Amino acid sequence: MEYSTIIVQREGRIGIITLNRPEALNALNSQMVKELISALDSLNQDESVRCVIVTGSERAFSAGADIKEMVNMNSVQMAMTEHFFPLWDKVGRYPKPIVAAVSGFVLGGGLELAMSCDIIVASETAVFGQPEIDIGVMPGGGGTQRLTRAIGKYKAMEMILTGKRINAEEAYKFGLVNAVVPKELFIEEAKKIATKIAEKSPVAVKLAKAAVNKALEVGLTQGLDFERELFYLLFSSEDKQEGMKAFIEKRKPDFRGR
């Protein structure tokens, strides 16, 4: 598939998707959603890719949904087309780790997209917000759920009910992002993290990610049971054998994803 709203690259074991609608501050429209889903499917099928980065420009990761596309839609049209929701599901349930590298505007659907990822690296210029309340609606791509889980009820309530924006340092303080770096380095920092992940066993990474996500969905006892099942399962993998042998032999393991 040829892309008009995103750029897809591969660097070693890392897949990089760059949002590319600069004239609209990378606002998410239906075409971008289709292309993002297609790119994610392609990278997931590529066994050489072990981690994915989603990024934008220094000026904007994404300023949110394209309001011009939504202004005349009614509730039936939204429900029938599902609009952006397949993207949130795709990213939130993606089997490979996704690192969001964000800078500038990270607003509305843009913040929801970043929060659907597994790790967020922010430029010092990043500004985060859920301003949907300002146009008479509310977050609909996971904002009320993921933001609350990330920063707590009271801060989330303030941001969602008032449309308040927070800067990168505040986002780091609240636990919304993993790191804040100079704007010249935010993509490089994301690549460093992605490279570290890509060096690990793909089997162990996939199951560990699933276990962490399960912790947000179930109680402690269920979560512990799920974790234990996956832990036992990894003892049948070739990567487990290679990793333990490499540790004993004091060498770097060669994980094959089997």
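These legends walk through four close-up views of a predicted model. Residues are numbered from 1 along each chain as its sequence is written, local features need pLDDT of at least 70, and side-chain atom pairs count only at pLDDT 80 or more, while totals for chains, interfaces and linings use all residues. Side-chain values rest on heavy atoms, with hydrogens and water left out.

**View 1. An open sheet of six strands, with a helix lying across it.** Follow the strands in the order β1-β2-β3-β5-β7-β10 and you will meet mixed pairing. Strands (E, at least two residues) and helices (H or I, at least four) are DSSP runs numbered from the N terminus, and two strands pair if DSSP finds at least two bridges between them. Why does one side of β1 and of β10 lack a neighbour in the sheet? Both β1 (6-11) and β10 (179-181) stand at the edges with a single partner strand each, so one side stays free of a neighbour. On average, neighbouring strands are turned by 20° against each other, direction ignored. Strand β1 runs antiparallel to β2 (residues 14-19), and six bridges join them; I6, for instance, has L19 in β2 as its bridge partner. Helix α9 (residues 186-198) lies across β1, β2, β3, β5, β7 and β10, running at about 160° to β7. Such angles run from 0 to 180 degrees between N-to-C directions, with axes fitted to C-alpha atoms, for helices over the stretch in contact (heavy atoms within 4.5 Å).

**View 2. The buried residues of helix α4.** In α4 (residues 85-92), L87, W88 and V91 are buried, meaning under 20% relative accessible area with a 1.4 Å probe, protein chains only. These residues cover an arc of only 100° around the axis, so they sit on the same side of α4; the arc is taken from the directions from the helix axis to the C-beta atoms. Among the elements covering them are α1 (30-45), β5 and α5 (109-116).

**View 3. F255 and its contacts.** Look for F255 in the segment after α12 (238-248). F255 is buried, at 12% relative accessible area. Beyond its neighbours within four places in sequence, F255 touches R50, E199, K200, S201, P202, D239 and G243. From F255 to E238 is 17 residues in sequence and 8.2 Å in space, C-alpha to C-alpha.

**View 4. Two cysteines without a disulfide.** How many disulfides (cysteine sulfur atoms within 2.5 Å) does the structure hold? Zero. The sulfur of C117 is 10.0 Å from its closest cysteine sulfur, in C51, which is too far for a bond. C51 is buried at 0% relative accessible area, and C117 is buried at 8%.

Conventions. Buried means under 20% relative accessible area, exposed over 50%, partly exposed in between (1.4 Å probe, protein chains only). A disulfide is a pair of cysteine sulfur atoms within 2.5 Å.
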